[in-house]
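Here are some notes for a colleague who has not looked at this structure before. They are set out as numbered points.

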Amino acid sequence: MLYLKSSFIVGSLAVLAACGGGSGTGALNNPEFFTMRAKDGVLSGKYNPAGFDTRTVQRNIRLACADGKISSYAQVAEESLISFSAQCPGGLVGSGGIYEIERVNAEIYVEGTISDGRGNLLYVRPSHPDAAAHNTPL
């Protein structure tokens, strides 16, 4: 296993934040894609209702929860996108990061770059909504 030093992680997370995690830009241009930010126990992002419905979003974002469950979920329409916020009763997988959710053909992929809270950066890629999270240290 290869672990990255915290100085590299800080730079990497800054780059990820600059990519607009949760801003909705990608979802507006591609209804089959959206990003989600996991921070301070909250999952947030924006999705395009032309590509996803509420049930599908909830089913996939729960993969960022340590116990696979969402304790609260709220959403509001904002122009062409739906903004959402959710919390996990058992906490997040890791201590925070950015996730991408994308539909390719009929399958939905969830990928994330997160911190494990101990100075290590993890790439998280559950294979489908009912799969357990697969954590791979970078």
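How many disulfides does the count come to?

1. The count comes to one disulfide. The model is a predicted one, and the link is formed by cysteine 65 and cysteine 88, with their sulfur atoms 2.0 Å apart. The angle about the S-S bond is -60°, and the link is left-handed.

2. As for where the two cysteines sit, cysteine 65 belongs to the loop between helix H3 (54-61) and E3, while cysteine 88 belongs to the loop between E4 and strand E5 (96-104), so the disulfide ties together parts that are 23 residues apart in sequence. Cysteine 65 counts as buried, at 3% relative accessibility. Cysteine 88 is buried as well, with a relative accessible area of 10%; the cut-off for buried is under 20%.

3. Strand E4 covers residues 81-87 and is mostly covered itself, five of its seven residues being buried. Strand E2 (residues 42-47) is joined to E4 by six bridges, and the two run antiparallel. Within this pairing, glycine 45 has phenylalanine 84 of E4 as its bridge partner.

4. E4 is also joined to strand E3 (residues 72-78), here by seven bridges, and this pair runs antiparallel too. Opposite serine 85 in E4 stands alanine 74. E3 and E4 make a hairpin with two residues between the strands, and in this hairpin glutamate 79 takes a positive phi near 55°.

5. Next come the charged side chains. Side chains of opposite charge can pair when their charged atoms come close. How many salt bridges does a search of the whole structure find? The search finds four, and three of them are described in the points below.

6. One salt bridge is formed by glutamate 32 and arginine 103, whose closest N and O atoms are 2.9 Å apart. Glutamate 32 lies in the loop between helix H2 (25-29) and strand E1 (33-39), and arginine 103 lies in strand E5, so this pair ties together parts that are 71 residues apart in sequence. Glutamate 32 counts as partly exposed at 27% relative accessibility. Arginine 103, with a relative accessible area of 21%, is partly exposed.

7. Another salt bridge brings together the side chains of arginine 125 and glutamate 111, at 3.3 Å from N to O. This pair links distant parts of the chain, 14 residues apart: arginine 125 is in the loop between strand E7 (121-124) and strand E8 (135-137), and glutamate 111 is in strand E6 (residues 107-115). Arginine 125 counts as partly exposed, at 37% relative accessibility. Glutamate 111 is partly exposed, with a relative accessible area of 25%.

8. Aspartate 116 and arginine 118 also meet in a salt bridge through their side chains, at 3.3 Å from N to O. Is each of these two residues buried or exposed? Aspartate 116 counts as buried, at 15% relative accessibility, whereas arginine 118 counts as exposed, at 67%.

Definitions and conventions
Residues numbered from 1 in each chain as written. Predicted model: local features only at pLDDT ≥ 70, side-chain atom pairs only at ≥ 80, totals over all residues. Heavy atoms only, no water. Buried < 20%, exposed > 50% of the residue type's maximum accessible area, 1.4 Å probe, protein only. Helix = DSSP H or I, 4+ residues; strand = E, 2+ residues; numbered from the N terminus. Pairing = 2+ DSSP bridges. Disulfide = S-S within 2.5 Å.
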